[in-house]
Amino acid sequence: MRYLSLLAAAALLAAGAFLLPGGDLNAKPTDWLKRLSSNDANEIYATIREIERRRDIAGGLPLLETAAKTRYPHLAVACGEALAAMDPAAIEKDLLKDKKFKKRFKRLMGLKESYQQMNLARVLGAWGHPFVDDHLAHLASGRRNPEVQAEALFMSGALVATKKEKFRETAEAIGKAFKGRDGAIQAAACSAAGRRKLTQFKDQALSLVKRSRDDYAGLYAVWALKQMGYDGGVGSF
């Protein structure tokens with residue numbers, strides 16, 4: 001009996017890494033949302049990383065809910081990283097096709113506060129799934145206030161194109177942002193174009209170098225050209 005008890009204890013210790021507080025092996029969305037509702041940012045971060053380690057699809061919607069409402073930008077980014085770690089097949093089957101998810105996500109995208117919209121840009125950009133392209137492009141449009149638009153443009157630079165997905169919607173939003181007059185928006189467009197090596201915007205970046213009155217926008221344009229592989233001159237900028 002003693003040996004059986006020791007073996008049982010060892011098994012519980014081995015399983016402990018996968019237990020929620022209270023010994024629950026299978027977390028539900030409400031379980032994760034409750035833990036993510038803590039007033040302690042460190043506890044929230046630890047929970048986000050636990051969801052990421054488990055790759056638990058049940059944490060998908062709670063992560064998005066948390067990201068949208070937090071006052072800590074780094075937590076919104078961490079939520080996106082946790083989503084990015086999840087199994088792509090589970091994302092497609094068990095999250096994106098879920099009616100509750102669709103309904104709630106639509107509400108999240110309708111949030112009005114600037115900090116909420118900026119957080120949505122952060123979580124979507126860090127997630128990087130093809131699903132985010134259209135939604136992130138809307139946040140990066142000129143219809144948003146400049147603060148939100150710039151954040152969405154910066155985060156769209158994190159998207160990594162593949163043979164199947166080119167993230168065309170956000171690329172179009174980046175191109176439109178080059179035509180604006182706000183230096184912060186132009187700098188964000190250059191950052192995104194440079195990180196994604198969108199060579200179709202080489203001429204726009206070069207034009208910005210020559211005509212911009214904003215030093216940061218000009219510097220970002222020079223940097224973007226370098227990332228695109230441009231080896232020509234940039235005048236006396």
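## Helices and their numbers

Helices here are DSSP runs of H or I with at least four residues, and they are numbered from the N terminus. With that in hand, α12 and α13 are easy to place: they cover residues 183-195 and 202-211, and Lys 197 sits in the loop between them.

One thing to keep in mind is that this is a predicted model.

## The whole chain

So what is the protein chain built from? Its secondary structure amounts to 14 helices and zero strands. Reading from the N terminus, you meet one α after another: α-α-α-α-α-α-α-α-α-α-α-α-α-α.

The protein chain has 237 residues, and 45% of them count as buried. About 13,400 Å² is exposed, with carbon and sulfur atoms supplying 54% of that area. Take the contacts with a separation of 6 or more: 66% of them join residues 24 or more positions apart.

## The core and Leu 139

In soluble globular proteins, nonpolar side chains tend to be buried together. In this model, the largest nonpolar core has 66 residues. Which of them touch the most other members? They are Ile 48, Leu 124, Trp 127, Leu 139, Ile 174 and Phe 178.

Let's follow Leu 139. Leaving aside residues up to four places away in sequence, Leu 139 touches Met 109, Gln 117, Leu 120, Ala 121, Leu 124, Arg 144, Val 148, Gln 149 and Ala 152.

## Two mostly covered helices

Leu 139 belongs to α9, which spans residues 132-139 and has six of its eight residues buried. Along with Leu 139, the buried residues of α9 are Val 132, Asp 133, His 135, Leu 136 and Ala 137. What do they pack against? Their partners are α7, α8 (114-127), α10 (146-156) and α11 (168-177).

Helix α10 is mostly covered too, with eight of its 11 residues buried. The buried residues are Val 148, Gln 149, Ala 150, Glu 151, Ala 152, Leu 153, Met 155 and Ser 156. They pack against α8, α9, α11 and α12.

## A buried arginine

Now for a residue in helix α8: Arg 122. Is Arg 122 buried or exposed? Its relative accessible area is 10%, which is under the 20% cut-off, so Arg 122 counts as buried.

Not counting residues up to four places away in sequence, Arg 122 touches Pro 73, Ala 76, Val 77, Tyr 115, Glu 151 and Met 155. Glu 151 and Met 155 are among the buried residues of α10.

## Side by side: α4 and α7

Helix α4 (residues 60-69) and helix α7 (residues 99-109) have axes that come within 11 Å and cross at roughly 10°. Angles under 35 degrees count as roughly parallel, so α4 is roughly parallel to α7.

Where do they meet? On the α4 side it is Leu 61, Leu 64, Glu 65, Ala 68 and Lys 69; on the α7 side it is Lys 100, Phe 101, Arg 104, Phe 105 and Leu 108. Sorted by class, this contact has six nonpolar, no polar and four charged residues.

## Two loop residues with positive phi

Finally, a look at two loops. Arg 55 isn't a glycine, yet it has a positive phi of about 55°. Arg 55 lies in the loop between α3 (41-54) and α4, and it is partly exposed, with a relative accessible area of 44%.

Back to Lys 197 from the opening: this residue also has a positive phi of about 55° without being a glycine. Lys 197 is partly exposed, with a relative accessible area of 48%.

Technical notes: Residues are numbered from 1 along each chain as its sequence is written. This is a predicted model: local features need pLDDT of at least 70, side-chain atom pairs count only at pLDDT 80 or more; totals for chains, interfaces and linings use all residues. Side-chain values use heavy atoms; hydrogens and water are left out. Axes are lines fitted to C-alpha atoms, for helices over the stretch in contact, and angles run from 0 to 180 degrees between N-to-C directions. Angles under 35 degrees count as roughly parallel, over 145 as roughly antiparallel, 65 to 115 as roughly perpendicular and the rest as oblique. Contact means heavy atoms within 4.5 Å. Ala, Val, Leu, Ile, Met, Phe, Trp, Tyr, Cys and Pro count as nonpolar, Asp, Glu, Lys and Arg as charged, and the others, Gly among them, as polar. Buried means under 20% relative accessible area, exposed over 50%, partly exposed in between (1.4 Å probe, protein chains only). Accessible areas come from the Shrake-Rupley method with a 1.4 Å probe; for residues, only the protein chains shown count as cover. A nonpolar core is a set of buried Ala, Val, Leu, Ile, Met, Phe, Trp, Tyr and Cys residues joined through side-chain atoms within 4.5 Å.
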